[in-house]
Amino acid sequence: AEDWLMATSINGVRTLALVKSSDPEAQQFFQKAITAQSKQITEIQNGVEASLVTPEEKQLFAIVGQKRAAYVDIRKNIFAEKDGGREAEAKQLIDTKMIPALDAYVESVRNVLAHYQHEVELADQSITADYLSGRMTLIIGALIALVLGALIAWRLTLGITRPLQEALSVAESVAEGDLTARSTMVATQDEPGLLLNALQRMQEN
């Protein structure tokens, strides 16, 4: 759309230069440039039309088509007046018809450009929001994993140290001659539990 806007503005300036010029060579140069630029504008317009999706985009594009058609018709009339030697009439059409039509045409193209820029901004905001959401999810997940890891480590440590401390307490009591000392913990089949069982059997024997 930016190329479309630029090409349209340039062609408008060339049209003014063509009408106001009295040099045949300059007129021929401007006419060829206007024709080539109009062809390029048509290609850009067709490309934009093929990418239209929403009803709003199609409506904006339809307005551009109407404004361009009106501008091109006025430009043809000006060229006809110019070719017929009616310079005053051609210049009057420029002031009263062509310039307002060109302004309306350019404004309609600007509206299309503004619409696409707005869509890009919305897409950028959506991508940023998705990124931030994903980043926050990763951070929360990492924190949860860290807390769970700490709880599991604490539980494992507690399951090892408490039986060992209990076994040590029983062993110290036996060493001091107290053969009645018993562990209050429920016997388990892990290594600390087996150690407690061994101490209890030793006391019993």
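## A walk from Thr8 into the helices

Start by selecting Thr8 and Tyr105: their side chains are joined by a polar contact of 3.5 Å. Keep in mind as you look around that this is a predicted model.

**Stop 1: Thr8.** Colour helix H1, which covers residues 2-20, and you will find Thr8 within that stretch. Is Thr8 buried or exposed? Its relative accessibility is 1%, and because buried means under 20%, Thr8 counts as buried. Now show what surrounds this residue. Setting aside residues up to four places away in sequence, Thr8 touches Ile41, Leu102, Tyr105 and Val106.

**Stop 2: Tyr105.** Move across the polar contact to the partner side chain, Tyr105. Which residues does Tyr105 contact, once neighbours within four places in sequence are left aside? Select Trp4, Thr8, Ile41, Val64, Lys67, Arg68 and Tyr71 to see them.

**Stop 3: the core.** Tyr105 also belongs to something bigger to explore: the largest nonpolar core, a set of 28 residues. Highlight Trp4, Tyr71, Ile78 and Tyr105, the members with the most contacts inside this core. Next, colour the helices that build it: H1, helix H2 (24-50), helix H3 (55-83) and helix H4 (87-175) each supply at least two residues. Which helix gives the most to this core? That is H4, with 10 residues.

**Stop 4: Val112.** Stay in helix H4 and select Val112. With a relative accessibility of 5%, Val112 is another residue that counts as buried. Then add Leu60 to your selection. Although Val112 and Leu60 are 52 residues apart along the chain, their C-alpha atoms are separated by 6.2 Å.

**Stop 5: the whole chain.** Zoom out and switch to a cartoon view. How many helices and strands does the chain have? Count five helices and zero strands; followed along the sequence, the pattern reads α-α-α-α-α. The pair you just visited had a long stretch of sequence between its two members, so look at contacts across the chain too: among those with a separation of 6 or more, 66% are between residues 24 or more positions apart.

Finally, turn on the surface. The chain exposes about 13,500 Å², and carbon and sulfur atoms supply 59% of that area. As for what lies beneath, 28% of the 205 residues count as buried, and Thr8, where the tour began, is one of the buried residues.

Terms used:
Residues numbered from 1 in each chain as written. Predicted model: local features only at pLDDT ≥ 70, side-chain atom pairs only at ≥ 80, totals over all residues. Heavy atoms only, no water. Helix = DSSP H or I, 4+ residues; strand = E, 2+ residues; numbered from the N terminus. Buried < 20%, exposed > 50% of the residue type's maximum accessible area, 1.4 Å probe, protein only. Polar contact = N/O pair within 3.5 Å; in protein donor to acceptor, adjacent residues only side chain to side chain. Contact = heavy atoms within 4.5 Å. Areas by Shrake-Rupley, 256 points an atom, 1.4 Å probe, with all protein chains shown as cover. Core = buried A, V, L, I, M, F, W, Y, C linked by side-chain atoms within 4.5 Å.
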